[in-house]
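Open the model in your viewer and set it to cartoon, with side chains available on demand. The stops below can be taken in order.

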Number of protein chains: 2
Amino acid sequence: METIKGLKRSCYCGDLRAENIGQEVVLMGWVQKKRNLGGLVFVDLRDRGGICQIVFDTEVDKEAFEKAEKLGSEYVIAIRGEVRERQSKNPNMPTGDVEIFAKELRLLNKSETPPIYIKDDDDVSEALRLKYRYLDLRKPHMQRNLLLRQKVTNIARQYFTEQNFCEIETPFLIKPTPEGARDYLVPSRVNEGKFYALPQSPQLFKQLLMVSGMDRYFQVVKCFRDEDLRADRQPEFTQIDLEMSFVEAEDVMNTIEGFLKILFKEVRGIDLELPLQKMTYAEAMSRYGSDKPDTRFGYEFTDITDVVAGCGFKVFADCAVKGKSVRGINVEGMADKFPRKQISHLEDCAKTYKAKGLAWMKITEEGITSPIAKFFTEDELKAITEKMNAKVGDLLLFVADKDAIVFDALGQVRLAVAEKLGILEEKKDQFNLLWVTEFPLFEEDEENGRYVAKHHPFTSPLDEDIDRLDTEEKDTLRAKAYDIVMNGYEVGGGSVRISDGEVQKKMFDALGMSQEEAQNKFGFLLDAFRFGAPPHAGMAFGLDRLVMLLAGEDNIREVIAFPKNQNAVCPMTNAPSFAEESQLEELNIKVDIKKDEE
Amino acid sequence: METIKGLKRSCYCGDLRAENIGQEVVLMGWVQKKRNLGGLVFVDLRDRGGICQIVFDTEVDKEAFEKAEKLGSEYVIAIRGEVRERQSKNPNMPTGDVEIFAKELRLLNKSETPPIYIKDDDDVSEALRLKYRYLDLRKPHMQRNLLLRQKVTNIARQYFTEQNFCEIETPFLIKPTPEGARDYLVPSRVNEGKFYALPQSPQLFKQLLMVSGMDRYFQVVKCFRDEDLRADRQPEFTQIDLEMSFVEAEDVMNTIEGFLKILFKEVRGIDLELPLQKMTYAEAMSRYGSDKPDTRFGYEFTDITDVVAGCGFKVFADCAVKGKSVRGINVEGMADKFPRKQISHLEDCAKTYKAKGLAWMKITEEGITSPIAKFFTEDELKAITEKMNAKVGDLLLFVADKDAIVFDALGQVRLAVAEKLGILEEKKDQFNLLWVTEFPLFEEDEENGRYVAKHHPFTSPLDEDIDRLDTEEKDTLRAKAYDIVMNGYEVGGGSVRISDGEVQKKMFDALGMSQEEAQNKFGFLLDAFRFGAPPHAGMAFGLDRLVMLLAGEDNIREVIAFPKNQNAVCPMTNAPSFAEESQLEELNIKVDIKKDEE
């Protein structure tokens with residue numbers, strides 16, 4: 001290993017075991033802890049490999065002992081010494097069987113008292129952790145997470161390379177999309193008044209690479225999106241991005257499953273059973289109210305709209321019309337776990353997701369307890385419980401509303417129930433993966449009263465839906481799009497692209513986009529398609545989220561070395577910051593902050 | 001392999017050999033060439049793997065034959081057929097022993113006549129190649145270059161991972177450096193009036209990762225520099241970037257040599273002899289006039305300043321003062337190859353690099369031929385030829401001027417001589433690697449009459465020069481900085497960093513930078529250094545240039561999928577372009593082009 005001031009580091013602190021007893025070693029690292037005891041100085045020395053106990057004894061080396069007495073937390077030192085059997089073994093440390101008797105100590109650097117403790121369970125605010133990220137990253141779990149991240153990308157690269165994928169770097173300074181909301185722009189100095197954009201994804205370039213015959217492309221690549229931030233979003237994020245020629249959806253899914261199989265085996269020791277479950281979007285919505293269902297537990301939806309169509313409870317009865325429904329979940333055997341207060345929490349959750357309320361029934365030995373029971377006849381109640389497959393001890397929860405609201409609100413209630421019952425915690429090491437397929441091709445842009453592409457306008461419709469592209473009922477059209485879902489998170493998605501010019505034309509028509517507008521937006525891709533585009537399809541994984549799940553973390557900032565906070569600010573460097581006037585001048589721009597209308 | 005429209009691709013076109021005769025195969029690709037001959041249709045089908053000849057015969061399949069007759073260049077097709085022995089074998093094609101008799105043809109896509117030919121030796125302007133890059137990338141050598149690039153990064157990742165390096169992604173949206181000339185800025189929408197910068201390198205972050213104990217970091221990473229473009233520069237470029245803790249320069253160089261050994265073996269089949277040659281900056285300049293000498297050939301400099309100090313040729317004699325010199329190269333035995341006209345070309349070259357002229361002498365059987373011979377005595381001429389080790393048939397070339405101009409101009413003349421003599425072409429498969437070390441710590445910023453850091457202000461001085469940091473003669477101070485040089489190109493460089501606060505303070509003083517200014521520029525790094533910075537050193541390779549050299553190309557655009565041209569424009573997408581007013585408004589900026597003073 002490496003040499004510093006004449007000392008040659010021999011191993012990491014964490015490497016030492018009983019079999020090293022008697023060896024002379026040189027270690028370099030940080031002082032985790034120092035204490036004087038029985039005329040000796042004990043130092044816990046920490047490096048990337050772990051922690052080891054060093055003993056300084058005047059009888060071994062007086063000079064080293066005297067230097068050691070002056071050490072403080074996080075001082076950087078090098079020591080040379082002999083590995084001995086530890087007197088009081090520490091079974092909680094991998095190196096707990098040994099300690100090093102130091103013959104030499106070199107102080108490499110001092111440290112002021114660090115503002116945060118270097119230990120995993122330190123209960124300090126995230127703001128402070130991000131401000132002193134260079135100290136926060138000294139924590140073992142953060143180092144483990146970054147090493148895991150490297151392992152995941154290495155596995156991906158090895159797998160995709162073996163599968164004949166070529167990793168190709170696509171540009172970061174690209175052309176802004178007209179109306180490209182959420183583009184980060186970069187003013188050009190040389191080309192006055194013009195701007196580059198940072199890519200939201202390499203989508204167009206990877207399709208061009210297919211036109212260029214590269215056959216199979218992949219890339220681990222940073223992408224940028226200037227959106228309002230949520231807990232699991234960052235202005236810059238990393239994708240494992242890929243595209244394949246001469247394939248259909250099935251080929252992409254098989255390829256990805258091969259990757260996931262190896263990934264889970266190597267990272268978590270889990271044998272995934274292939275092929276993974278496939279579920280259409282429609283089925284996922286009707287069973288779980290979500291296009292990214294957490295299938296580690298049940299509590300699936302039951303549609304009781306028909307059963308309550310003519311009942312006396314107006315809220316339910318009114319939903320027996322197109323576009324509305326009444327659906328429930330049966331929290332089997334758990335009625336006792338949900339006193340009224342808990343149910344009221346669940347109702348709050350439902351309301352957060354725009355439901356007007358959350359109806360409930362408990363099945364007891366004495367019959368049904370429910371504030372809404374009085375609105376139903378005995379027969380109606382019987383029909384409901386039968387449809388819900390309810391028995392004594394069960395809790396039934398219902399939402400009645402527009403379908404979209406029912407799905408959303410009841411889906412979130414389902415998750416809240418699982419959280420409350422400790423199911424998520426209990427199953428945190430279980431990974432349920434599935435494909436969700438046949439996504440809607442379009443979604444309604446309610447603000448502008450028109451349809452937009454759910455993925456992007458190059459996504460191919462299902463073959464059987466192509467002829468209906470000009471239909472009125474655009475929300476019934478399905479795409480050759482697929483997401484890979486893991487424990488309730490979408491970790492990746494992709495689609496078969498349109499490579500037929502005629503279909504592409506119909507697609508633009510359906511989106512209300514003129515050929516001119518299409519040309520303006522995607523001209524170079526459409527140009528390329530005129531010269532022999534192969535059929536192609538692709539996929540992108542969100543690396544941050546994938547690593548987060550594999551690491552068992554619940555926040556992507558735990559797997560990113562230097563993340564931004566929720567205001568898109570880096571608390572360590574204070575980026576972004578004001579630029580100097582002269583810089584802006586060179587770039588031919590001016591800051592121009594509009595005050596809110598006065 | 002993959003399936004399309006019910007056909008399952010069996011291999012790449014280029015895979016087929018005599019041993020495949022009799023097999024049924026399914027191929028997919030582009031029509032390279034089609035011709036009718038003897039009642040048959042022959043198609044050269046191309047994919048990423050190569051080219052194979054397909055034969056369509058009405059007797060094998062009439063429908064396929066009829067479809068084949070209508071094929072045009074670059075049509076995309078799938079064929080199913082039988083591999084047969086080729087009648088007229090083509091030894092120039094890897095698949096030249098076989099041809100495929102097609103039983104089925106599916107047209108996957110048509111193509112208009114492509115604006116450039118899909119062949120390596122097509123003599124078309126680079127502007128057109130870049131405009132239709134998706135077609136240009138169909139050329140075999142471009143695909144080979146991109147695959148080579150992937151191979152290089154894969155080798156790097158495997159090697160550095162094995163050497164315990166952790167690949168860590170550093171942020172792209174960072175804090176602008178005050179006075180950060182050449183920063184690309186990115187306006188923040190959320191943080192009104194503030195800007196991110198795109199990183200010119202991950203320098204500060206990798207040093208922070210050392211402070212955080214990551215021990216060994218590396219990354220293959222895009223960097224950005226908004227500078228006036230030269231042939232081998234791009235606004236965005238890729239580095240193999242690394243940093244190590246607890247090391248000195250020697251450790252970094254050993255680690256890098258291990259990488260280069262494997263790289264050259266795997267990519268070019270060359271066994272590098274280690275350790276590589278090391279040459280100080282001072283030696284490189286005095287022998288080759290360059291800090292990146294091409295050592296594949298000689299023609300080294302000889303300093304004849306002393307010899308001509310008192311001579312009658314004023315131009316030479318006047319250079320016998322500090323800071324000036326007269327140096328020459330002996331183009332041994334090549335006097336005949338340089339008639340006056342050629343020497344005049346060399347003189348133009350010298351003048352381009354600011355020399356006032358290029359003096360020359362030819363040693364002939366009859367004596368010395370030279371326009372300046374008349375200014376010297378016989379003894380002086382003898383002393384010169386002796387010092388230059390000249391014999392009959394040699395050409396001597398001299399530049400007399402300020403040292404910097406002598407080095408630059410004569411160094412370029414040396415290269416021009418090698419070019420003219422065909423040495424560069426002849427040695428294009430030879431790779432001479434060496435380390436250039438002990439770079440100057442400072443360089444003079446002539447414009448502002450002060451010294452600036454040659455690398456960056458965190459570069460450590462040589463131990464023996466630290467005490468002279470406050471000296472007047474700053475240009476004599478040397479840094480622990482090293483470059484790796486290959487055939488006259490700098491392909492990488494690095495340094496040991498300062499990790500001692502006191503030395504850092506002296507360094508800022510030497511740069512005339514107040515503590516306040518330093519804090520403002522590098523505050524977060526200086527803060528981090530207060531909490532236990534390990535000794536550390538690092539390196540960065542220019543990936544584009546490394547791959548260019550390994551690929552035998554002479555332009556980095558040949559190894560970049562979608563490069564910008566010399567105006568920082570992408571001719572394919574027309575990036576950069578004008579942004580919409582609404583976008584700029586959201587970003588709180590305004591375009592403000594200053595007209596040249598009127």
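The tour starts at the contact between the chains and then moves to single elements and peptide bonds. Keep in mind throughout that this is a predicted model.

**Stop 1: the interface**

Colour chain A and chain B separately and select the residues in contact. The selection should hold 128 residues from chain B and 128 residues from chain A. Between them the two chains bury about 11400 Å², and carbon and sulfur atoms give 57% of that area. On the chain B side, pick E169(B), F246(B) and F531(B): these lose the most area to chain A, together 7% of what that side buries.

Now turn to the polar part of the interface. How many salt bridges does the rule find across the interface of chain B and chain A? There are 12. To see one of them, show the side chains of E112(A) and R530(B), which form a salt bridge with an N to O distance of 3.0 Å. Polar contacts between chain B and chain A link 57 residue pairs, counted where both residues are at pLDDT 80 or more. Which helix of chain B gives the largest share of the side that touches chain A? Select residues 140-162 of chain B: this is helix α4, and 8 residues of that side come from it. By residue class, the chain B side divides into 64 nonpolar, 27 polar and 37 charged residues.

**Stop 2: strands paired between chains**

Select residues 589-591 in both chains. This is strand β25 in each, and the strand of chain A is joined to that of chain B by 3 bridges, running antiparallel. For one pair, pick V591(A), whose bridge partner in β25(B) is I589(B).

**Stop 3: helix α4 of chain A**

Go to residues 140-162 of chain A. Helix α4 has 23 residues there and reaches 33 Å from first to last C-alpha, close to the 33 Å expected at 1.5 Å a residue. Step past the end of the helix to N164(A), which follows α4(A) and has a positive phi, near 75°.

**Stop 4: a sheet in chain A**

Next, display the open sheet of 8 strands in chain A. Its order is β8-β11-β12-β24-β23-β22-β19-β13, with mixed pairing. The edges are β8 (166-167) and β13 of chain A, each of which pairs on one side only. Within the sheet, select residues 481-486 and 489-496 of chain A: these are β22 and β23, antiparallel and joined by 6 bridges. Here A481(A) stands opposite S495(A) of β23(A).

**Stop 5: backbone details in loops**

Show the backbone at L274(A) and P275(A), where the peptide bond is cis with omega about -10°. P275(A) lies in the loop between α6 (249-268) and β13 (277-280) of chain A. A further cis bond runs from A575(A) to P576(A), with omega near -5°. The loop holding P576(A) is between α15 (543-551) and α16 (581-586) of chain A.

Finish in chain B at E74(B), a residue other than glycine with a positive phi, near 65°. E74(B) is in the loop between α1 (62-69) and β6 (76-85) of chain B.

Terms used: Residues numbered from 1 in each chain as written. Chains lettered and ligands numbered in written order. Predicted model: local features only at pLDDT ≥ 70, side-chain atom pairs only at ≥ 80, totals over all residues. Heavy atoms only, no water. Contact = heavy atoms within 4.5 Å. Buried area = accessible area lost by both parts, 1.4 Å probe. Salt bridge = Lys/Arg side-chain N within 4 Å of Asp/Glu carboxyl O. Polar contact = N/O pair within 3.5 Å; in protein donor to acceptor, adjacent residues only side chain to side chain. Helix = DSSP H or I, 4+ residues; strand = E, 2+ residues; numbered from the N terminus. Nonpolar A, V, L, I, M, F, W, Y, C, P; charged D, E, K, R; others polar. Pairing = 2+ DSSP bridges. Expected span 1.5 Å × (residues − 1).
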